[in-house]
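Reader: I would like to go through the enclosed spaces of this model with you, and to hear on what grounds each term is applied.

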Amino acid sequence: MSGIIERYRPLLPDVTDATPVITLAEGSTPLIEAPRLARWIGVPPQLRVFLKFEGMNPTGSFKDRGMTMAVSKAVETGAKVVMCASTGNTSAAASAYAARAGIASVVLLPRGEVALGKLSQALIHGAQVLAIDGNFDDALNLVRDICATHPIALVNSVNPVRIEGQKTAAFEIVDALGDAPHFHAIPVGNAGNITAYWRGYQEYHAAGRATRTPKMLGFQAFGAAPLVDGSRVHEPCTIATAIRIGNPASWKGAIAARDQSGGLIHKVTDEQIVAAYAAVAANEGIFAEPACAAPVAGLKMLAENGYFKDLPTDEPATVTVTLTGHGLKDPDRAIKTVASGIVEVAAQRDAILRQLDRFF
Ligand SMILES: *Cc1c(COP(=O)(O)O)cnc(C)c1O
């Protein structure tokens, strides 16, 4: 199976005949209808909910779409080392694609704040892992500074080819649905992905592949909501570590996506995020990491506030939700979330049956 560069080459002008394609067959992730979750969210019945499960990418997050581009271009220019700041998933993708290309990777992480699965990926792929006493925004400033003065390729989403690769997720959604959705809900951290989706939808619309563009609905976490609050957050705080970012690099892109699409960017609490996280897993059998639950929680909030009440009842409509990363990245959170936990029981038929009373 080919990756996003081969599948969408004509729409990726940065790729030329001189570009070596470094791929792990990323993309082609499933778009899954979620009727039980739709009822949990409380959207009106004519609004169908679809989940774009980006956790099915090779390293378990959408970051692979941008990283196949960034590492391919880095190798084209002769780079021997790539570097990124990361809340975790960028480092997992950068280290995997660097390994695939046979070059080195360096990742700068906020100490003690990266989910275990992501850390394990960077280490096993052979990245040099540096943990700093600072947050993601501090790490990104340092990486930008170092890459500007040294022969190291920067592969954060401030590198414009990352956004180009990530826009292909919007292409896949339109290809799967036959048209663009009416709404697209997405978590927002550094804001590269909302920028990328909006670009993808616009390009497909301009190319005649879709009759409309969706309203972009972005969601940040309450303690890390600079785009909602209108100013930089110095100490961002949320259990959704992938969106724990106080000064988004693609700030302007996110605001443009919101305003040009007629959408919105709102914030949800950690409590709402955790409830939505559990609801996705329990209602649909899809295990996505906590940050992915922000748009699910956000849609629930919008539905409760009557945001969808003016949709015509006799016309089907669609909302797509990007589930950005896999739940196995952060197993600690899953175990902490389920209050009932594990029941210890004797290795005995009757003892086990006593635990199953409620099923009979
Ligand atoms: C990177 C990431 C985000 C945030 O995406 P941005 O492009 O930084 O807004 C959300 N969820 C997951 C799982 C991520 O890895």
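Author: Let me begin with the residue classes: Ala, Val, Leu, Ile, Met, Phe, Trp, Tyr, Cys and Pro count as nonpolar, Asp, Glu, Lys and Arg as charged, and the others, Gly among them, as polar. By these classes the lining of the second largest cavity has 2 nonpolar, 3 polar and 2 charged residues, and the residues in question are T87, P110, E113, N135, F136, T241 and R244. This is a predicted model, in which local features need pLDDT of at least 70 and side-chain atom pairs count only at pLDDT 80 or more, while totals for chains, interfaces and linings use all residues. Residues are numbered from 1 along each chain as its sequence is written, and side-chain values use heavy atoms, with hydrogens and water left out.

Reader: What makes a space a cavity and not a pocket?

Author: On a 1 Å grid over the protein atoms alone, a cavity is a set of points where a 1.4 Å probe fits but cannot get out, whereas a pocket is an open set with protein on both sides within 12 Å along at least five of seven lines; lining residues have an atom within 4 Å of a point. By this rule there are 2 cavities of 30 Å³ or more. The largest cavity holds about 290 Å³ of space and the second largest about 40 Å³, a volume being the space filled by probe spheres set on the points, which are joined across faces, edges and corners.

Reader: Which residues lie nearest the centre of the largest cavity?

Author: Of its 26 lining residues, F62, K63, G189, N190 and A242 lie nearest the centre, and the lining as a whole divides into 10 nonpolar, 13 polar and 3 charged residues.

Reader: Where does the ligand sit?

Author: The ligand sits in the largest cavity, a statement that requires more than half of its atoms to lie within 2 Å of the grid points.

Reader: Why is the approach of K63 to the ligand called a polar contact?

Author: A polar contact is a pair of N or O atoms within 3.5 Å. An N or O atom in the side chain of K63 is 2.6 Å from an oxygen atom of the ligand, so the pair meets that limit. A polar side-chain atom of T324 likewise lies 2.7 Å from a nitrogen atom of the ligand.

Reader: What lines the largest pocket?

Author: Its lining, around a volume of about 160 Å³, includes E113, T241 and R244, and by class it has 4 nonpolar, 2 polar and 6 charged residues.

Key
Polar contact = N/O pair within 3.5 Å; in protein donor to acceptor, adjacent residues only side chain to side chain.
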